[in-house]
Amino acid sequence: MDPEKVEKVLDSHVQTVNDDSLDVSEKEAQRRQDVITATKDEHNLTFLQAMRKYRKAVMWSVIASMSTIMESYDIQIMGGFFAYPSFQKKYGIQLPNGKYSIPAPWQVALKLGPNIGLVIGVFANGWLAEKYGHKRVMIAAHLVLIGTIFATFFAPNPEVLLVGEILCGLPWGIFAAAAPSYAAEIVPMALRGYLTTYVNLCWVMGRLIATGVLKGLIGYTSQWGYRIPFALQWMWPAPLAVIMCFAPDSPWWLVRKGRSEDAQKTLERLLSTSEDDPRSVSETSRQFRAMIEQTIQTEKDLNIGTNYAECFRGTNRRRTEVACICWAGQAVVGFAIQNYITYFFTLAGLSPNDAFKMTLGTFSLAWVGTVSSWFVSARCGRRAMYLTGLSILAPIMWAVGLADFAPSTSALRWAQSSLLLVWFAVYGISLGPVPYAVATEVSASRLRIKTIAMARNSTYFIQILNIVVAPYMLNPQNGNLKGKAALPAAFMSTCLLVWAFFRLPETRGRTFEELDLLFAQKTSC
């Protein structure tokens, strides 16, 4: 970006803040004062004050984020189905011993299917949400999902089931990208970290629900053993679609579309009166709208566009880099291990049923970790949480991998499994939730939807690679790496730690416009 252009924008910003000596119209003076007041509010608002004042915004953010539960739910049940006798008999082949099994190629295909749909859905959301708004797109996605679930529920063969999984992945991808950006744009800065990371909590809840359902139905030998988990997916989209019809659009999206008056009406719906603030809802909404307009105008002055190509131009290139690598870190740090932790529990001598219970425990730790991250984030920044998490996760993976060079004993396997439980707890409080906040904050407002799409898909690309490679690393007939499979994750975690130290900026406690200006100045970490 032209340094002179940046300098002019910065000078303009200074003039907006210090306008006492300017001869401006009364309307312009009021607008500038509104921007200053709203910006001060963003910095001075405490958590409790924000909860009281924006309680309706919190409610809508929580409801919209619940749509992501279905993504993790289905991915979890599909992996569990491969061990279900009724599912094996329906979609598998008969072995010489009379039992049934899902062929390895179909296992890989059925795991890849949802991820392929997710990638397409996430990219599609980057265009659809910017054109039609989060609300309309999410309602349409819920309605589409109701139909695509029929394909999985009634699938007569694995081919139809695969198509159904890919089709279900399309709306899931929309939810995965839309939920965090919607949350970031309807709540104030004081609540941004909590509501964006709540999306991760919903993802964990989907895993927990799926694990509980699978455990409860594991004794069912009829077709309903696998049909009921598919049918339970209908619980979510219909009511959420109806509720979202009454949800407000993002005020940031409305301003980007030139609908400032509608943006103020939306803000009035999201705000509530508070004993801490004598101002009326109308006045506070007007000031917040002025701040949004100022931020959007600043980005226009910085020549920040709205298409995918813009994500790789000028200072946006670094913002895209931060969002993508930060979010990809979720899949990198546990590569080949994170989704196969039950394997290590069985190596430690646990029965399959006990290993299943331990898996449920790991997801419970992830849930507790995400909730705990809210308390940690109140005192620590995103950068500190990310770096601290990596500083613990990397050594654990090194320990698990290097320990496998010692003689194999039951005690060693138990030690490795215990270390992985600690790993999940640390992951749940750091790299699990933090990328949701970083990606929504580091992106420019005019590119937020598309930057989040790029970042979210960076995780899915790693997951797709993981699905293809991990079985060959762990399978006794192939790599049979056992604990050594943790070494690639350990190496990549170390590399990610070095990158984060030099490249990951702190985004906590800064308004979107302040972040725009910091990136325009190419401020270092």
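I call a residue buried under 20% relative accessible area, exposed over 50% and partly exposed in between, with a 1.4 Å probe and protein chains only. This is a predicted model, so I took local features only at pLDDT of at least 70 and side-chain atom pairs only at pLDDT 80 or more, while totals for chains, interfaces and linings use all residues. Residues are numbered from 1 along each chain as its sequence is written, and side-chain values use heavy atoms, with hydrogens and water left out.

**Entry 1: two loop residues**

I started with Lys482, which sits in the loop between α22 (448–474) and α23 (486–503). My helices are DSSP runs of H or I with at least four residues, strands are runs of E with at least two, and both are numbered from the N terminus. Lys482 is partly exposed because its relative accessibility is 28%. Its phi is near 50°, a positive value in a residue other than glycine.

Next I looked up Asn303, in the loop between α15 (281–301) and α16 (316–332). Here phi is near 60°, again positive in a residue that is not glycine. Is Asn303 buried or exposed? Its relative accessibility is 51%, so Asn303 counts as exposed.

**Entry 2: α10 and its partners**

Two packed helices are described by the angle between their axes and the distance between the axes. I used axes fitted as lines to C-alpha atoms, for helices over the stretch in contact, with angles from 0 to 180 degrees between N-to-C directions.

Helix α4 (residues 55–65) packs on helix α10 (residues 189–217) at about 25°, and their axes are 9 Å apart. I therefore noted α4 and α10 as roughly parallel; angles under 35 degrees earn that label, over 145 is roughly antiparallel, 65 to 115 roughly perpendicular, and the rest oblique. The α4 and α10 crossing is right-handed, meaning that the near helix is turned clockwise from the far one by less than a right angle (anticlockwise would be left-handed). From α4, Val58, Ser61, Val62 and Ser65 make the contact, and from α10, Leu191, Leu195, Tyr198, Val199 and Cys202 do. Contact here means heavy atoms within 4.5 Å. I listed seven nonpolar residues, two polar and no charged in the contact of α4 with α10. For these classes, Ala, Val, Leu, Ile, Met, Phe, Trp, Tyr, Cys and Pro are nonpolar, Asp, Glu, Lys and Arg are charged, and the others, Gly among them, are polar.

How do α9 and α10 lie with respect to each other, roughly parallel or antiparallel? Their packing angle is about 165°, with the axes 9 Å apart, and α9 and α10 are therefore roughly antiparallel. This crossing of α9 and α10 is right-handed. Ala179, Pro180, Ala183 and Ala184 of α9 meet Arg192, Leu195, Thr196 and Val199 of α10. By class I have six nonpolar, one polar and one charged.

**Entry 3: the cores**

A nonpolar core is a set of buried Ala, Val, Leu, Ile, Met, Phe, Trp, Tyr and Cys residues joined through side-chain atoms within 4.5 Å. The largest one has 105 residues, and Leu191, Tyr386, Met397, Trp423 and Leu431 touch the most other members. Helix α9 (residues 158–186) gives the largest share, 11 residues. A second, separate core of 20 residues includes Ile77, Phe82, Phe153 and Ala210.

I then followed Leu431, in the loop between α20 (410–429) and α21 (434–442). Leu431 counts as buried because its relative accessible area is 0%. Setting aside residues up to four places away in sequence, Leu431 touches Gly329, Gln330, Val333, Tyr386, Gly389, Leu390, Leu393 and Leu496.
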